[in-house]
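Please open the structure below in your viewer and keep the sequence panel beside it. The tour goes from one selection to the next.

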Amino acid sequence: MDKDLEKFDLACTYLKNDQSAAAHNLFSALAQKEMKNNSYKAGLYLILASECKSKQGKERKEELLEAANFYIKIAKKDPNNANYAYQCAARCFLRTGHYDDAMKAFESAQKYTLNVIEEKRPIVVVDDSPAILLRLKNFLQQLGYDDIQTATNGKSAINLVSALVKSKQNPIVLLDMDLPDIKGDVIAKTLLNSKPDISIILITADEKSAPRVRSTIGYGSTAFVQKPFSINELKNALDATKLSEIN
């Protein structure tokens, strides 16, 4: 165990000193060992290995997908911690753009969710269409949300969300990608730069495979809904915002 800790410390030192290739090799070796022990540490080591790949300018999907599949395997063996494991898997899938797999893992996690009272968070709906605003407010009210605030352009959206964050609130932002003044992807990145863990759901007419959508989700947005959307699709996207709380 002491030797593994020494290897972990050395890998972290390599990563800190931009020796990403050496760090990747150590994290990968540690991951393979922990996977044989069915230890949750394996997932962490794989995620760190993926960060090493990213720092080298290489594709990091392989390690993240391996971590996701490992977490799912563990979840099936360990019901007491299945909620955590499935959510970790969902987060890894989300980072690779495997949105459908992320939602399946998250839905599996919900089966193991404890009955706890969750805080009611404010919802900020950003869209320049009165019809879409009305539709979203109606759906949100049916889903039990009562603190619903709206903005019809990018500038007012940034100001509104920034004010909520400064007042120590944790809003969920439903953000249209095509606003008249500032594009949604620019707004999303602005908000994420100021609060990296903010939950943003993109509202778009584009497919999820569209470069602009993929780029914004990859930058840190939680999920997206495609127009026209149903109340169930909106609910699934809102559920996915909980993924952003997993480190």
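The tour begins with the whole chain, then turns to one strand with its partners, and ends at one helix.

**The whole chain**

Select everything. What is on screen is a predicted model. Its secondary structure comes to 11 helices and 5 strands. The chain has 247 residues, and 46% of them count as buried. Among the contacts with a separation of 6 or more, 61% are between residues 24 or more positions apart. If you show the surface, the exposed area is about 12900 Å², with carbon and sulfur atoms supplying 50% of it.

**Strand β3**

Now select residues 172-176, which form strand β3. How many of the residues of β3 are buried? The count is 5 of the 5, so the strand is largely enclosed by the rest of the structure. Show the side chains next. In a regular strand, side chains alternate between the two faces of the sheet. In β3, Ile172, Leu174 and Asp176 lie on one side, while Val173 and Leu175 lie on the other. Both faces are covered, as the residues on each side are all buried.

**The partners of β3**

Keep β3 in view and add residues 123-126, strand β1. β1 and β3 run parallel and are joined by 4 bridges. To find one pairing, pick valine 126; its bridge partner in β3 is leucine 175.

Then add residues 199-204, strand β4. This strand also pairs with β3 in the parallel sense, over 5 bridges. Here leucine 174 of β3 stands opposite isoleucine 201 of β4.

Now add helix α9, residues 184-194. Together, β3, α9 and β4 make a β-α-β unit, and the unit is right-handed.

**Helix α5**

Clear the selection and choose residues 82-95, helix α5. The helix has 14 residues and spans 20 Å from its first C-alpha to its last, close to the 20 Å expected at 1.5 Å a residue.

Is α5 largely enclosed or largely open? Of its 14 residues, 11 are buried, so α5 is largely enclosed by the rest of the structure. Among the buried residues are Tyr86, Gln87, Arg91 and Phe93. Cysteines are included too, namely Cys88 and Cys92.

To see what covers these residues, add helices α3 (41-55), α4 (61-77) and α6 (99-110), which are included in the cover.

For the last stop, step just past the end of α5 to glycine 97, where phi is positive, at about 85°.

Definitions and conventions: Residues are numbered from 1 along each chain as its sequence is written. This is a predicted model: local features need pLDDT of at least 70, side-chain atom pairs count only at pLDDT 80 or more; totals for chains, interfaces and linings use all residues. Side-chain values use heavy atoms; hydrogens and water are left out. Buried means under 20% relative accessible area, exposed over 50%, partly exposed in between (1.4 Å probe, protein chains only). Helices (H or I, at least four residues) and strands (E, at least two) are DSSP runs, numbered from the N terminus. Two strands pair if DSSP finds at least two bridges between them. A crossover is right-handed if, with the strands pointing away from the viewer, the path from the first strand over the helix to the second runs clockwise. The expected span of a helix is 1.5 Å times one less than its number of residues. Contact means heavy atoms within 4.5 Å. Accessible areas come from the Shrake-Rupley method with a 1.4 Å probe; for residues, only the protein chains shown count as cover.
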